Amino acid sequence: MCSSDLDEGYDIEYRLLLLFTKQDQPSAISAMIDYMEVTGTKSIKAAIEGERTLGGAAGDVQVNLNSGVGNITWGGIVYISTEFKITVYGG
């Protein structure tokens, strides 16, 4: 976001990927769950939606989707991952 604010009616969708090492799959999944929760100190959704205007730069922000636990290859390494889709609304 830049300090010029989003124009009203102009929305941006972001894709946030959260990657965890796959060396120990059960512990990586356990660690990831806290970030996927709707509430809590590690919740991605709660952190993003806790500042609905992103410091006044947007009209609103919403975490629309969490994909659940999956795998993604990044830089030739397979990670345990989850994806969030976030919409930032102008205004």
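Let's start at T82, where a polar atom of the side chain lies 2.9 Å from the backbone oxygen of G68. Keep in mind as you look at this pair that the model is predicted.

T82 is found in strand β4. Is this residue buried or exposed? Its relative accessibility is 1%, and because buried means under 20%, T82 counts as buried. The surroundings of T82 are easy to trace: leaving aside neighbours within four places in sequence, T82 is in contact with L16, L17, L18, M32, M36, N66, S67 and G68. One of these, L18, is also the bridge partner of T82.

**Strand β4 and its partners**

That bridge leads us to the pairing of β4, a strand that spans residues 77–89. Which strands pair with β4, and over how many bridges? The table sets them out, each with one bridge pair to look for in the structure.

| Strand | Residues | Sense of pairing with β4 | Bridges | One bridge pair |
|---|---|---|---|---|
| β1 | 11–20 | antiparallel | 10 bridges | L18 and T82 |
| β2 | 60–66 | antiparallel | 6 bridges | V61 and V88 |
| β3 | 70–74 | antiparallel | 5 bridges | G70 and S81 |

The β3 and β4 strands form a hairpin with 2 residues between them. In this hairpin, G75 takes a positive phi near 60 degrees, a nice detail to check on the backbone.

**The nonpolar cores**

Now for the side chains. The largest nonpolar core has 8 residues in all: I44, I48, A58, V61, V63, F84, I86 and V88. Two or more of its residues come from each of α2 (44–49), β2 (60–66) and β4 (77–89). Which element gives the largest share? The answer is β4, with 3 residues. The bridge pair V61 and V88 from the table turns up here too, as both residues belong to this core.

I48 offers a good way into this group. Not counting residues up to four places away in sequence, I48 touches V61, V63 and I86. Another core, of 5 residues, lies apart from the largest one, and among its members are L18, F20, A28 and M32. In soluble globular proteins, nonpolar side chains tend to be buried together.

That second core brings us back to the starting point, since two of its members, L18 and M32, are among the residues in contact with T82. From T82 in β4, then, you can follow the bridge to L18, or the polar approach to the backbone oxygen of G68.

How values were computed. Residues are numbered from 1 along each chain as its sequence is written. This is a predicted model: local features need pLDDT of at least 70, side-chain atom pairs count only at pLDDT 80 or more; totals for chains, interfaces and linings use all residues. Side-chain values use heavy atoms; hydrogens and water are left out. A nonpolar core is a set of buried Ala, Val, Leu, Ile, Met, Phe, Trp, Tyr and Cys residues joined through side-chain atoms within 4.5 Å. Buried means under 20% relative accessible area, exposed over 50%, partly exposed in between (1.4 Å probe, protein chains only). Helices (H or I, at least four residues) and strands (E, at least two) are DSSP runs, numbered from the N terminus. Contact means heavy atoms within 4.5 Å. A polar contact is a pair of N or O atoms within 3.5 Å; within protein, one must be able to donate a hydrogen and the other to accept it, and residues adjacent in sequence count only if both atoms are side-chain atoms. Two strands pair if DSSP finds at least two bridges between them.
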